[in-house]
Amino acid sequence: MGKRREVIASSKQSIDMEYDDSSSDEETSYLGKKALLSMAQQNSNEDEMEVEVDETKDKKVETKEKDNQPKEFKNRQRIMLLCSRGITARHRHLMSDLQALLPHAKKDSKLDSKSRLYILNELADINNCNNCIYFEGRKHTDLYMWLSKTPNGPSIKFHVTNIHTMSELHLTGNCLKGSRPIVSFDKTFDSTPHYKLIKEVLLHNFSTPTTSRRIKPFVDHVITFSIADGRIWFRNYQIVEKDDGTKKEKEMSLVEIGPRFVLQVMRIFDGSFCGSTLYKNGDFVSPNAIRRFQKQEMSMKYNTRVNKNLEHVKRLEEANNLPSDPLDEVFQ
Amino acid sequence: MARRGKGKKTAAQQKKNNELKKEVEEVSLEEEVPKLENIEETPKTNKKNSKNVKDVEKEVKSVEENDESSDSDNADIDDFISEQTITVGNGNEIDNEENNEQEEEENENDEQNDNQENLDEEEEEEEEEQEQEEQERPAINNIPALNKRYNEIRLDTPGVKIPWIELQAITYNKDLGIDDKTVHDDLKRELAFYEQGLAAALEGRKKYKELNKPFSRPDDYFAEMVKTDEQMSKIRQNMIEESESIKNAEAAKRQRDLRKYGKKVQTEKLLEKNKNKKMEMEKINRLKRKRSDNNDDDFDVSLDFNDNDNKNNKPQKSKKRLAKDKKFGYGGKKRGSKQNTAESSADMSGFSHKKMKATTFGGAKNKKAKRPGKNKRMASRR
């Protein structure tokens, strides 16, 4: 497996080289491919599969080249959507909601291991996905969301809070399944590099490509990402248009469809589910720590009470501990 | 399995050497590290030192280097795995000592490789540190690397023109107007989000109009929706129930308010009633006085009662009362009414001769023989 990752990393490098070279003409890309092929040959001594992987990589390189030409821009995003074992029903519902909202998402079965996340890169590759949304449930209470650009990264880890799913009755809106949303970002996203990066990744994930198979025409919902309190707030609204007949344009209003959730950035990794940390949120306090503090506070209360009792007993003892009277035993 | 063990140990060592780490930060990249304690520290320091340099060097790095590093990378991944598993368990240090000796050698070998290709390792090493750093919580913000990453993945690279419709992304240029205080105010916060969404939707519609593409769904276009009909009917029912409950609550509130004022209203009504009664009584009295000028008899008033309601409300006297009044008198002077007069004393109508004879003075006529007194009875016995 390590080998394969190596291959991926090297192919990434070759891609990097191409991007860096502004003149990205045929020759350099050819060189890159050549390097790749030589790599593949070296590796193929052990495993045939790896060669295949390399070839697919090659194809991807070609497609990326095409993307560089201005007229043929195609937003090719496919998302692999999956979760870890041990998520709660609410978390599962949230995931199925996202699946309903993202026609370009492919849902995969639950991931067994929480430690070997790099498997996801291969899984995504198998599913022909270049994005991955991975929900990681911990302790049956906390939910973490990974957004990753597989296979080369970056990946972002969020802590998800304040989850409201679509099935809640107070979220009354509805929209076509598979209609392409308008994705709205708060301007704070352009303020810092890490938010910029997050915005880009969110855009890749939540803006539906025009080429996706299951899309429907018309625009009837808006997805908003807003930053408040150092967190990213997700909302999904239905666009309702009412025709008065008086005005030229129909009057527009929004009704919330759901789901709702709040994302707090924990880290941004250089690679996909691996790599060095590019950003780490200093404000993030893990839910474990919060719970610990709460417990500590509770125990403090108890401890003070116990200590008080102890002091009382001590004082009583001191009071009772009178100096012995020498005449006490005289008359016995 | 030795590798796994090694990973455990490295984790333990990292924890132990947290403090040492800072001291050794000056250690250069190429320094040889013979002892076990230092082995762990070098990669970290390397990493920190090289973090900024890394980006540049990465590009320069050749493919051959990668090739060489493949072995060590393998090991590192295993390290990473075991590290992760350990942090869950946290019972690492006991196991470590068993494997200590074997691993020392391995570690040294690995570390030599590490020193050569520390650039590659950084990625894995960082993740090993994850849990520890989370405890220490130093913020990281590697801006150049972030920018580089952003430029790598961004879709709108220079030279690429993306039609808006491909992404349908809109940036909301106004300030949300949410600060630390209002963020907990649900209404204000949601309103801000709503406005952001609405602005985006309006702009989106405009852009669709410009492109001459259909924006809004026609009423006769039916397709699968995100929420099922069942769910929507549930929602509708819930809405109805909610509005009903609101209505009911309002009605109950009104009722409560009314009850609060009810007493006030009641007393007012009572006062008014009394006032009316008084007025009417006055009217009646006035009428009565008028009548009494014409007719002496009270009965006439009562006879007239039916004819004219306003005339009299006075209750009629019963026959008994009238008889008694006739007998004992009603009204007028009371004094001397029971005194004898010449006429009354001369009146012998109540006197009867027979009655006079029938009874003795102070006794009944046919009186039974009384039992004789005790003295007499005693005397008769003798």
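Two strands are said to pair if DSSP finds at least two bridges between them, and the close-up views below, all taken from a predicted model, use the word in that sense.

**View 1. Strands β7 and β8 of chain A form a hairpin.** Strand β7 (residues 221-228) and strand β8 (residues 231-242) of chain A run antiparallel and are joined by eight bridges. One residue to find here is Ala228(A), whose bridge partner in β8(A) is Arg231(A). Two residues lie between the strands of this hairpin, and Asp229(A) takes a positive phi near 60 degrees.

**View 2. Strand β8 of chain A also pairs with strand β9.** Six bridges connect β8(A) with strand β9 (residues 251-256) of chain A, and the pairing is again in the antiparallel sense. Within this view, Val240(A) can be found opposite Ser253(A), a residue of β9(A).

**View 3. Strand β10 of chain A is another antiparallel partner of β8(A).** Three bridges link β8(A) to strand β10 (residues 260-269) of chain A, and Trp233(A) stands opposite Val262(A) in β10(A). When following the side chains, it helps to recall that in a regular strand they alternate between the two faces of the sheet.

**View 4. A nonpolar patch lies on the surface of chain A.** Leu327(A), Val330(A) and Phe331(A) together make this patch, which covers about 390 Å². Leu327(A) belongs to the segment that comes after α7 (287-320) of chain A. Is Leu327(A) buried or exposed? Because its relative accessibility is 56%, and exposed means over 50%, Leu327(A) counts as exposed.

Conventions
Residues are numbered from 1 along each chain as its sequence is written. Chains are lettered from A and ligands numbered from 1 in the order in which they are written. This is a predicted model: local features need pLDDT of at least 70, side-chain atom pairs count only at pLDDT 80 or more; totals for chains, interfaces and linings use all residues. Side-chain values use heavy atoms; hydrogens and water are left out. Patches are made of residues with over 30% relative accessible area and no salt bridge: like charges are joined within 9 Å, nonpolar side chains (Val, Leu, Ile, Met, Phe, Trp, Tyr) within 5 Å. Accessible areas come from the Shrake-Rupley method with a 1.4 Å probe; for residues, only the protein chains shown count as cover. A salt bridge is a side-chain nitrogen of Lys or Arg within 4 Å of a carboxyl oxygen of Asp or Glu. Helices (H or I, at least four residues) and strands (E, at least two) are DSSP runs, numbered from the N terminus. Buried means under 20% relative accessible area, exposed over 50%, partly exposed in between (1.4 Å probe, protein chains only).
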